[in-house]
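I opened this notebook to record what I looked up in one chain, taking helix packing, sheets, internal space and backbone geometry in turn.

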Amino acid sequence: MSVRLTTAQALVRFLAAQHTERDGVRRRLITGMWGIFGHGNVAGLGQALVEYADVMPYHQGRNEQAMVHAAVGHARQLNRLSAQAVTTSIGPGATNLVTGAALATINRLPVLLLPGDYFAAHPADPLLQQLEHPVEADVSVNDTLRPVSRYFDRIARPEALIASALQAMRVLTDPAETGAVTLALPQDVQAEAYDWPEEFFAERVWRVRRPAPDPAELAEAVRAIRAAERPLLVAGGGVHHSEAEAALRAFAEATGIPVASTQAGKGSLRHDHPADLGGIGHTGTAVADGLARTADLVIGVGTRYTDFTTASGTLFQHPEVGFLNLNITAFDAHKLAARTLVCDARSGLERLTEALDGHRVDPAYEAEYRTGKERWEQVVEAACRAGDPSAVPTQTQVLGALDAVVGETDVVINAAGSLPGDLHKLWRARSPRQYHLEYGYSCMGYEIPAAIGVQQAAPDTVVWALVGDGTYLMMPTEIVTAVQEGLPVNLVLVQNHGYASIGGLSESVGGERYGTAYRHRAADGTFTGAPLPVDLAANAASLGMEVLRAKTVAELRDALARARASDRPTCVYVETDPAPTAPPAEAWWDVPVAETATRKAAIGAREQYDRQVAARRRHL
């Protein structure tokens with residue numbers, strides 16, 4: 001039997017019938033579709049979404065990149081077991097997806113991209129918004145999505161969708177392969193009818209595997225851990241994706257091995273767990289980085305080992321340091337010439353704990369890192385503690401005030417600027433999903449749309465988007481979406497009149513903070529001390545948010561409490577004292593400095609750079 005539908009109608013019906021299952025729990029795979037309509041998708045997917053509005057929820061976005069960010073935030077909150085689709089017109093609508101697709105793929109998070117494409121039949125050539133390639137007539141702007149997609153296909157005929165749609169679902173649900181998946185849809189093919197087999201629309205369940213460790217690899221891993229005197233576990237985002245937090249806690253409690261976390265892995269243990277050392281790497285804590293320098297075995301669980309984690313290859317300094325990587329992706333497991341344990345994080349940790357059979361680190365080592373943890377907690381208190389309630393708050397005091405307000409399961413979202421470093425060092429994560437940092441791509445503009453996606457995934461959860469003025473100006477548009485959808489996201493808008501993070505980096509590498517402040521520009525190209533007359537709070541209010549302005553520490557505390565109790569999108573706007581109050585970096589990060597220059601700042605920065613880079617190691 002067959003059903004005659006357009007390609008777009010068939011795709012919507014197919015997506016509505018897909019589910020995932022892990023640990024016996026079934027979930028809908030594609031929970032909804034984001035879209036901005038134009039030529040290329042309005043008559044195809046646009047009509048199909050109207051036709052099947054009862055089975056496929058539609059969400060209206062304002063910026064194509066932001067729609068992908070929202071879908072990524074949604075998928076992360078749901079541990080990659082559900083995802084959302086995004087449809088756009090051809091041309092700029094499609095190319096606006098590239099940044100979001102790169103973010104999704106780098107972070108190993110599933111999102112289905114459905115950009116419109118040029119006519120497959122070429123009835124007119126060129127079209128509006130068509131890129132004409134002189135030697136490859138089948139190239140369209142959608143080909144820019146190929147390198148940032150884990151799977152890409154252009155559906156040139158209706159029947160081609162059948163095999164491609166199944167492959168797309170396979171990749172979206174594969175924990176080792178997932179990321180952005182792109183099906184480019186020529187606008188004429190979207191509207192073309194075809195006799196589809198009924199089986200294409202049957203309920204289908206994609207089981208998300210938990211592969212167990214190979215016995216030989218497990219035995220070697222156990223031998224390595226037993227032989228180590230100063231082991232350190234680095235928890236990455238894979239711990240969360242696998243829902244392995246309880247298994248990690250059991251492993252740490254059974255072995256006494258301390259746990260440091262990447263940006264994606266923070267919250268794998270509660271902040272007050274005796275084995276939790278906080279963040280590691282360039283933005284890590286003193287206790288975590290101190291132990292990393294002396295660790296003789298580094299156990300990576302679900303981490304990609306970015307340069308922020310390894311301090312650009314300078315962090316792990318023990319002469320005989322070795323690595324053991326537990327990762328569902330062999331590509332990541334083999335990094336740093338490690339012993340490998342290619343398996344699901346929860347399955348692997350459970351088997352390791354069982355196989356170690358009571359093995360525990362030396363009590364003196366435990367006492368050492370617990371003392372270091374206590375010392376670091378004093379640093380956190382000093383940075384976040386508010387003194388004079390009538391004073392203008394610093395950025396770390398903003399975090400301290402928020403820490404005092406959030407509930408156990410609130411979600412705090414950030415991605416770029418100076419806030420990620422402060423949060424990684426100072427935030428006290430209370431639950432697995434409370435700390436939501438997108439630092440694989442560190443994309444400015446991610447926070448507000450991601451907060452929307454998280455709120456959709458967890459309607460009863462209080463969601464906070466922490467945004468500096470620089471990242472706010474990148475993408476405030478989705479405030480309108482939050483208002484339209486009635487999503488009570490909370491925005492904490494920190495105004496320090498410039499790119500504070502890049503300004504600090506610029507100063508450290510000899511760039512003298514050039515071009516990093518929002519200031520009036522004089523005729524000679526220099527910047528005056530007066531800030532621009534820009535009112536970001538008024539902008540947020542004009543887009544539909546309730547805005548609470550806080551000028552002092554006391555006002556900030558009150559505003560945050562009011563925002564948390566609100567049932568509508570609310571912005572807490574605060575101008576901060578720009579004086580840096582966060583603890584300095586405990587480890588290096590490689591940003592090459594001009595090898596030759598005439599300015600004193602650059603010459604001094606290069607001398608410092610040469611000293612630091614000499615400590616880099618190749619772990620072979």
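Across which strands does helix α3 lie, and at about what angle does α3 run to β6? I looked this up first, noting that the model is a predicted one. Helix α3, residues 64–77, lies across β4 (30–35), β6 (83–88) and β7. The angle between α3 and β6 is about 170 degrees.

**Entry: the sheet under α3**

I then traced the sheet to which these strands belong. It is an open sheet of six strands, ordered β5-β4-β6-β7-β9-β8, and the pairing is parallel. At the edges I found β5 (58–60) and β8 (151–154), each of which pairs on one side only. With direction ignored, neighbouring strands are turned against each other by 20 degrees on average.

I examined one pair in detail. Strand β7 (residues 111–117) pairs with strand β9 (residues 180–186) in the parallel sense, over five bridges. I noted that L112 has V181 in β9 as its bridge partner.

A further helix belongs in this entry. Helix α5, residues 97–106, lies across β6, β7 and β9. I recorded an angle of about 155 degrees between α5 and β7.

**Entry: another six-stranded sheet**

I looked up the strand order further along the chain. An open sheet of six strands runs β19-β18-β20-β21-β25-β24, again with parallel pairing. Here β19 (435–437) and β24 (546–550) each have a single partner strand, so one side of each is left without a neighbour in the sheet. The twist from one strand to the next averages 20 degrees.

I checked the pairing of β18 with β20. Strand β18 (residues 411–414) and strand β20 (residues 463–468) run parallel and are joined by three bridges. Within this pairing, V411 has V463 of β20 as its bridge partner.

For this sheet I also noted helix α23, residues 553–565. Helix α23 lies across β20, β21 (490–495), β24 and β25 (570–575). Its direction makes about 160 degrees with β24.

**Entry: the chain as a whole**

I counted 24 helices and 25 strands in the chain. A compact globule of 620 residues would have a radius of gyration near 25 Å, and the chain agrees because its own value is 25 Å. Along the principal axes, the C-alpha atoms fill a box of roughly 70 × 70 × 55 Å.

**Entry: cavities**

How many cavities of 30 Å³ or more are there? I found four. The largest cavity holds about 630 Å³ of space. Its lining comprises 45 residues, and those nearest its centre are G237, G238, H241, A264 and G302. Two or more lining residues come from each of α6 (160–173), α9 (237–241), α12 (307–310) and β16 (322–327). Helix α9 gives the most, with three residues. By character, I divided the lining of the largest cavity into 16 nonpolar, 20 polar and nine charged residues.

**Entry: the second largest pocket**

I turned next to the second largest pocket, which holds about 270 Å³ of space. This pocket is lined by 21 residues, with H271, D276, K373, W376 and E377 nearest its centre. I found that β14 (276–279), α15 (363–384) and α17 (419–426) each supply at least two lining residues. Which of the elements gives the most to this lining? It is α15, with six residues. The lining of this pocket divides into seven nonpolar, five polar and nine charged residues.

**Entry: backbone geometry**

I closed with backbone angles. Most residues other than glycine have a negative phi, and most peptide bonds are trans. I noted one exception of each kind.

The peptide bond from D125 to P126 is cis, with omega near 5 degrees. I placed P126 in the loop between β7 and β8.

Is the phi of E243 positive or negative? I found a positive value, near 55 degrees, in this residue other than glycine. E243 lies in the loop between α9 and α10 (245–255). I noted that α9 also appears in the cavity entry, as the element that gives the most to the lining of the largest cavity.

Conventions:
Residues are numbered from 1 along each chain as its sequence is written. This is a predicted model: local features need pLDDT of at least 70, side-chain atom pairs count only at pLDDT 80 or more; totals for chains, interfaces and linings use all residues. Side-chain values use heavy atoms; hydrogens and water are left out. On a 1 Å grid over the protein atoms alone, a cavity is a set of points where a 1.4 Å probe fits but cannot get out, and a pocket is an open set with protein on both sides within 12 Å along at least five of seven lines; lining residues have an atom within 4 Å of a point. Grid points are joined across faces, edges and corners, and a volume is the space filled by probe spheres set on the points. Helices (H or I, at least four residues) and strands (E, at least two) are DSSP runs, numbered from the N terminus. Ala, Val, Leu, Ile, Met, Phe, Trp, Tyr, Cys and Pro count as nonpolar, Asp, Glu, Lys and Arg as charged, and the others, Gly among them, as polar. Two strands pair if DSSP finds at least two bridges between them. Axes are lines fitted to C-alpha atoms, for helices over the stretch in contact, and angles run from 0 to 180 degrees between N-to-C directions. Contact means heavy atoms within 4.5 Å. The radius of gyration is taken over C-alpha atoms; the globule rule is 2.2 Å times the number of residues to the power 0.38.
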